[in-house]
Amino acid sequence: CQALRQRYRIALIDEFQDTDPVQWAIFDTVFGQADADAGDDVTATTLVLVGDPKQAIYAFRGANIHTYIQAAHSPDTRLTGLGVNWRSDPAVLRATQTLLSGVTFGSDNIRFQPVTAPREHEDRTFTTTDGTPIPALSVRLAIGPNMVRDKNHDHLSTAASGEGAIHRELATHIRDLLETATIPDENRSGKTRALQPDDVAVLIAAKREAPVIRDALMALGIPAVIARGEDVLESEASTHFHRLLAAVARPADVRRARAAGLSWFFG
């Protein structure tokens, strides 16, 4: 620990909400204040943590919300919030804050934190061709007599019918936006341009939705592609890395060496 502290006086962990308890114990031991009472010979270090506790709720990569809270609320921790969102348009931020103001997340009462947009983004508006503002956030319902109902409960629709209706409505909504919406032109200051298909992204909750939504868009003549739809472990790159690492693990194996020789790394 002392050798690492002398070499690295400042350590920074980005996306800290993805840190699991074991990782945090290691970082805290090496760079934190856990051994600050060991004496004057301990090199002082600074440990910077950057993260969003709301994301830890999803337990991505083994993240543990209790780990985040333990670190954030330690007596030796100084909390600083980022007050400006440089990624989102002002209208999106205002709409989100209207919807979530005062809301807490999870059993640990993580509070929603409002932020502002930079002044440079105030002119980033989403409008129709006649200048009418388009809502930055809308909650949409798929209802109607065409929804297939559960055989035993008329007031319930089947999951498949509900998903199909949502996908069709989504595609129709995107088509309407492509026909009527304008956005700021990044190449001409103060000017707008028509919304294009490659300006639109649909975020999904499960990979199985990707081809269904793509087909719904294609059915309306809207070109669509799936990004990051495949498992990285099934990719061609994964195969080449596997050949390389297998050869490194057992270099005397001629077959492994030949396989590595045919990989991207050697050709």
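Trainee: Which handedness does the crossing of α8 and α9 have?
Mentor: Keep in mind that this is a predicted model. Helix α8 covers residues 236–249 and helix α9 covers 254–261, and they pack with their axes 8 Å apart, at an angle of about 145 degrees. As α8 passes α9, the crossing is left-handed.

Trainee: Which residues of α9 does α8 meet, and how do the contact residues divide into nonpolar, polar and charged?
Mentor: From α8, the residues involved are R243, L244, A246, A247 and A249. On the α9 side they meet R256, A257, A259 and A260. Sorted by type, the residues of this contact come out as seven nonpolar, no polar and two charged.

Trainee: Let's go to the sheet. Which are the edge strands among β5, β6 and β7?
Mentor: The three strands make an open sheet in the order β5-β6-β7, with antiparallel pairing. An edge strand here pairs on one side only. That gives β5 (127–128) and β7 (192–194).

Trainee: And what is the bridge partner of I183 in β7?
Mentor: Strand β6 spans residues 181–184 and pairs with β7 over three bridges, in the antiparallel sense. For I183, the partner in β7 is R193.

Trainee: Why do the buried residues of α4 line one face of the helix?
Mentor: Helix α4 runs over residues 65–72, and its buried residues are I65, T67, Y68, A71 and A72. Look down the axis of α4 and they line one face, because they fall within an arc of 160 degrees.

Trainee: What do those buried residues of α4 pack against?
Mentor: Their partners include both helices and strands. The list is α2 (21–31), β2 (46–49), α3 (53–56) and β4 (110–111).

Trainee: Is H167 buried or exposed, and which residues does H167 touch?
Mentor: H167 sits in helix α6, residues 159–180. Its relative accessible area is 8%, and buried means under 20%, so H167 counts as buried. Leaving out residues up to four places away in sequence, H167 touches E209, V212, I213 and A216.

Trainee: One last thing, the loop between β1 and α2. What is phi of E15 there?
Mentor: E15 is found in that loop, which follows β1 (10–13). Most residues other than glycine have a negative phi. E15 is not glycine, yet its phi is positive, near 50 degrees.

Trainee: How does E15 count by accessibility, then?
Mentor: The cut-offs are under 20% for buried and over 50% for exposed, with partly exposed in between. E15 has 40% relative accessibility, so E15 counts as partly exposed.

Technical notes: Residues numbered from 1 in each chain as written. Predicted model: local features only at pLDDT ≥ 70, side-chain atom pairs only at ≥ 80, totals over all residues. Heavy atoms only, no water. Axes fitted to C-alpha atoms, helices over the stretch in contact; angles between N-to-C directions. Helix = DSSP H or I, 4+ residues; strand = E, 2+ residues; numbered from the N terminus. Left-handed = near helix turned anticlockwise from the far one by under 90°. Contact = heavy atoms within 4.5 Å. Nonpolar A, V, L, I, M, F, W, Y, C, P; charged D, E, K, R; others polar. Pairing = 2+ DSSP bridges. Buried < 20%, exposed > 50% of the residue type's maximum accessible area, 1.4 Å probe, protein only. Arc of directions from axis to C-beta.
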